[in-house]
Structures are given as structure tokens and as C-alpha cells.
Amino acid sequence: MHRRARHPLVSILLVLFWLAGMLRAFVLWSHDPLYAYANSYDQTRYTNCFHFYPDRPAAIPPQQNSPQAPFSDYRFVATGDPMCYWSSELAFTGATALIWKTAQALGSGEVHDVRWVGALRWLAVLALSIALSLAWLRRGDARAALANAALLPLLFADPGNTLYLNTFYAEWTALLAVYALFSLVLLWRDAPRGGLRFGLIAAAAFLLATSKIQHLLLPSTLAVVVLALDRFRLGRFGWRGAALAAGALAGFAVQFVQLQREGAMMDAIDQYNRADVVFTALLPFADDRAALLTELGIDPACAIYSAHHAWEFPDLPENVCHGLSEFSRRDELATLLRHPGITLRLVVHGVLGLDPWIAKNLGQVEGGDFAVMPAAQASLGRALHAWPALQLGLLAIAPLALLVLLRRPGLRRGSRALDHVALTVATMLATLAITVLGDGLADVAKQGHLVVNAALALVLAAVVASLVRVREEPPRHGMSVLSR
């Protein structure tokens with residue numbers, strides 16, 4: 001360890017960052033009426049596991065979606081034996097169910113506040129932020145400790161993320177897992193292998209891979225990046241990459257088994273994904289839509305559903321469009337290879353589809369009808385949406401930085417900055433590619449949630465670290481304000 005005297009100002013700034021983050025998150029978490037994303041249906045995949053649903057009239061099926069507005073009140077409802085969707089998200093969902101069950105047993109009533117899950121989510125990221133900053137300080141790196149802590153108020157407490165707090169979506173779990181994974185890989189870049197270190201990195205990779213089906217390959221991608229970086233720098237494969245690969249492989253195995261499961265829920269997910277790929281990713285960019293459907297073996301009359309989401313179909317997609325059931329991922333990739341024009345347009349619109357960072361297709365205010373939060377709730381997402389060029393510039397920073405760092409210091413010398421940028425670029429590219437290839441352009445902003453987060457985290461951390469670096473430079477007379 002490299003221990004250095006800690007200036008009191010460092011501790012003060014860390015506490016201020018954490019307090020600012022808690023205050024900003026509390027304002028949205030506690031708001032009445034509830035501010036949160038409404039249920040497109042995905043939340044039901046997880047609440048099924050513990051048999052609780054929004055508190056609605058009995059005539060409404062418990063598992064029915066409600067994209068117009070979120071609900072703050074939930075209750076346990078017996079629904080037979082619905083399929084439980086496996087995910088690391090169930091840690092938060094299960095803990096919430098336990099709290100509610102305990103409260104109900106103690107006589108608090110049958111209606112429960114969704115803000116419990118929001119509190120658990122926030123406490124998890126707060127604890128992780130504190131633990132990581134303290135770990136950086138133990139290694140003598142005040143700049144990294146402050147940059148890490150600054151992400152709490154600037155990024156994690158932004159409505160672009162906190163709108164997921166009081167929900168049962170898995171986006172927060174994925175964000176937490178990738179944050180832990182990045183941080184641990186960077187923190188222990190030059191540390192010797194240890195059982196606890198290996199286990200924590202592997203666990204973070206496993207949690208990320210099992211958070212959502214779309215992330216099953218992301219930890220494997222990151223493992224390849226870390227293994228390659230260490231191979232060039234050290235002349236051998238390092239233990240960090242091995243730990244990442246171990247967790248990624250275990251998570252992939254769980255998701256692979258899940259994809260083989262049978263049932264109405266898995267069938268509906270598969271149908272909706274295939275329909276979204278065909279009708280939002282391929283068909284809108286074809287010069288002759290009917291001809292493309294004929295080529296794919298799908299009823300050409302279904303060209304009228306071009307650019308329609310699967311949930312907008314009058315029935316299950318396979319019942320509406322004959323031949324869709326035979327469409328496969330192999331057919332998708334073959335189509336993209338045969339039609340480079342479609343591929344190019346899809347890439348461009350995939351990147352543009354990341355805007356807005358705050359999803360626009362779901363209600364955000366309880367009791368509203370697709371109502372959104374008032375402008376008083378400040379968010380980086382509003383600025384990025386108001387100036388599209390700003391978001392495109394943000395997304396370009398990491399790839400450009402990677403080109404610079406590959407030249408200097410280069411792969412053989414390496415640096416923590418190179419590791420961070422390489423992980424960021426890999427996360428952005430893999431997440432966007434899997435989102436578009438797996439679900440078309442149906443919900444890029446929400447499904448690609450990690451893309452903008454990774455880009456913002458890199459920039460915000462770099463800015464804070466740079467400011468601290470300036471203050472660390474000793475003045476001509478006297479000591480540095482933030483000497484390490």
C-alpha cells in the first residue's frame with residue numbers, strides 16, 4: 001500500500017459529495033406524487049417471483065402493464081405459479097418483499113410503499129461509493145477518491161438514473177454491477193492476486209451478466225479487453241482478466257439455461273424481440289419493404305407495421321404476421337450482410353436512438369398519462385437532449401481518447417487511464433450492438449442506458465480529477481492545498 005498523509009480538505013470534500021448526492025436523490029425518491037418510470041411490462045418479470053403487483057382494482061389482471069404512469073402502492077396477490085425471471089435484480093426485489101412481508105405480519109396493512117426498494121438501491125450505491133473512495137485513499141490516490149465520490153451527486157443522483165430507484169427494472173442493478181466492476185479492475189490494476197480480490201471481481205462480473213439477458217456477453221467482452229491489456233503490458237495474462245472471465249462464464253451459463261426455458265413469458269419475450277428487430281431495425285430502412293419481407297419468408301402484407309413496436313400489434317406478432325416464427329438471429333445477420341445500406345442506416349439510427357437519456361416512451365409521474373417530470377428536476381439528460389451535438393460529442397470522447405492513449409503511453413507501457421477508456425469504449429460498443437441486434441430500435445434509450453452512463457462517468461471523473469490535479473500542483477510559496 002502507498003499511504004500518504006491525508007489533507008483535511010480531502011475528507012471534507014468527500015463528505016460534501018456524499019451529502020450532496022443523498023440530498024439530490026432524496027428529493028426525487030421521496031416526491032409525492034411518485035416520480036419513477038412506469039411499467040412497460042419488464043418489471044412484472046421480477047415481481048412475479050414474489051407475487052406482488054401494483055395495488056389496482058381486482059378487475060385488472062395483476063400482471064398487466066401500465067406504461068402510462070408508475071404506482072407507489074403494491075400488494076401481494078396470489079396468481080398461481082407465474083414464471084420467475086432469473087436475475088441479480090432479484091436481490092433488491094427479494095429484500096423488498098421480505099420487508100413488506102415482515103411489515104404485513106406486524107400488522108402494518110396489505111398495501112406497501114415502493115419507495116422501500118428505492119431506499120435499498122440508493123443505500124447500495126452509497127455504500128459502494130464510500131467503500132471505493134476509502135480504498136483509493138488507502139492506496140494514496142486522493143484524486144481518484146474524489147473523482148469516484150463526485151459521481152454520486154453528478155451521475156448516480158441524476159434523474160437519468162434515479163427514475164429507476166422506485167421501480168423493479170433491472171437497469172439500476174446493471175449500473176451498480178458495471179460501476180463496481182470498473183472500479184475494482186482499476187483499483188487493483190497493479191495489486192497482487194488475492195482470494196478476496198479475485199472473488200469480488202468475479203462476483204461483479206456475474207452480477208452484471210445475470211442482471212439482464214442483453215448483458216450476458218458484456219462481462220466476457222470486458223474480460224477480453226483486460227486480458228489483452230495485461231498481455232501487452234506484462235507479457236502475460238493477468239489475474240484481473242481471469243477473475244472477470246470466471247464471473248462472466250458463470251453468468252453466461254445461467255443466462256444460457258434461462259434462454260432454454262419454456263413458458264408463456266419466455267415465448268412472449270422471444271416473439272417481441274424478433275418482431276422488434278424486423279419491424280424497427282430492418283424494415284424501416286429497406287427500399288422495398290414488401291420485397292424484404294418476402295425475402296425473409298414473412299407475409300409481405302405486414303409491411304404496414306413498419307416502425308411499429310411489437311406491443312403495438314393487434315395480437316401476438318406471430319399471430320399477426322405469418323412466417324415471423326421462422327425468423328432467426330442467423331437470418332438477421334445474413335440480411336445485414338446482404339444489405340449494407342440497411343446496416344449503415346441502422347448503425348446511424350442506433351446511435352441517434354440513445355437520445356433522450358431519460359426515456360420518453362414511459363410515464364414518469366404517478367396518476368398522469370405519460371406525464372414527465374417538471375423541468376425543475378435538473379438533469380444532464382435534458383441538456384443532452386436539447387443539444388444533440390453535445391450528446392454526439394460526449395459519445396465520441398471515449399473512442400477519440402482511446403486512439404490518443406494507444407499512441408501514448410501505448411499498449412506496452414499502459415496506464416490506468418488507458419484501462420478506463422478501453423473498458424468504457426468496450427461497454428459502449430457492446431451494449432449498443434447487443435441492444436440493436438437483440439431488440440431493434442424499439443427501446444434504444446432505455447436498453448442502452450449503460451452507454452450514456454459509461455460516457456458520462458469517464459468525462460465527469462476526468463474533469464474532477466483534472467481539477468484536483470491543478471490544486472495538487474505546489475504553489476511557489478507554501479504547500480499544496482491537496483497534497484497527497
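User: Which residues are linked in a network of salt bridges?
Analyst: First, some ground rules: this is a predicted model, where local features need pLDDT of at least 70 and side-chain atom pairs count only at pLDDT 80 or more, while totals for chains, interfaces and linings use all residues. Residues are numbered from 1 along each chain as its sequence is written, and side-chain values use heavy atoms, with hydrogens and water left out. A salt bridge here is a side-chain nitrogen of Lys or Arg within 4 Å of a carboxyl oxygen of Asp or Glu. By that rule, the linked residues are Arg189, Asp190, Asp230, Arg233, Arg240 and Asp419.

User: How many salt bridges does that rule give?
Analyst: Side chains of opposite charge can pair when their charged atoms come close. Counted by this rule, the total is 20.

User: How far apart in sequence are the parts tied together by aspartate 419 and arginine 189?
Analyst: The two form a salt bridge, and their closest N and O atoms are 3.2 Å apart. Aspartate 419 sits in helix α18 (a helix being a DSSP run of H or I, at least four residues, numbered from the N terminus) and arginine 189 in the loop between α7 (171-187) and α8 (195-209), so the pair ties together parts separated in sequence by 230 residues.

User: Is aspartate 190 buried or partly exposed?
Analyst: Aspartate 190 has a salt bridge to arginine 189, with 3.5 Å between the closest N and O atoms. Buried means under 20% relative accessible area, exposed means over 50%, and partly exposed is in between (1.4 Å probe, protein chains only). Arginine 189 counts as buried at 11%. Aspartate 190 has a relative accessibility of 48%, so the right label is partly exposed.

User: Which residue forms a salt bridge with glutamate 295?
Analyst: The N to O distance in this bridge is 2.6 Å. It links distant parts of the chain, 43 residues apart, running from helix α12 to helix α14. Glutamate 295 is partly exposed at 37% relative accessibility. The partner is arginine 338.

User: Why do the buried residues of α12 lie on the same side, and how wide is their arc?
Analyst: The buried residues in helix α12 (residues 289-296) are Leu292, Leu293 and Leu296. An α-helix has 3.6 residues a turn, so residues three or four places apart point the same way. The arc, taken from the directions from the helix axis to the C-beta atoms, puts these leucines on the same side of α12 because it covers only 100 degrees.

User: Which helices are among those covering the buried residues of α12?
Analyst: Contact means heavy atoms within 4.5 Å. On that basis, the cover includes α11 (264-282), α14 (329-338) and α15 (340-352).

User: What sits at the start of α12, and which residue follows the helix?
Analyst: At the start of α12, a side-chain oxygen of aspartate 288 comes within 3.4 Å of the backbone nitrogen of alanine 290. At the other end, the residue that follows α12 has a positive phi, near 80 degrees, and is glycine 297.

User: Which residues of α14 are exposed on the side away from its buried ones?
Analyst: The buried set in α14 is Glu332, Thr335 and Leu336. These cover an arc of only 95 degrees, which puts them on the same side of α14. Their cover includes α11, α12, α15 and α18 (416-439). On the other side, the exposed residues are Arg330 and Leu337.

User: What is the C-alpha to C-alpha distance between alanine 281 and glutamate 332?
Analyst: Alanine 281 is in helix α11, and its relative accessible area is 0%, so it is buried. Leaving out residues up to four places away in sequence, alanine 281 touches Asp276, Ile342, Leu346, Gly440 and Leu441. Alanine 281 and glutamate 332 are 51 residues apart in sequence, and in space the distance is 9.7 Å.

User: Which side chain makes a polar contact with the side chain of asparagine 453?
Analyst: Asparagine 453 lies in helix α20 (residues 449-472) and, at 3% relative accessibility, counts as buried. Beyond its neighbours within four places in sequence, the residues in contact with asparagine 453 include Leu155, Leu175 and Trp357. A polar contact is a pair of N or O atoms within 3.5 Å; within protein, one must be able to donate a hydrogen and the other to accept it, and residues adjacent in sequence count only if both atoms are side-chain atoms. At 2.9 Å, the partner side chain is that of asparagine 161.

Technical notes
Helix = DSSP H or I, 4+ residues; strand = E, 2+ residues; numbered from the N terminus.
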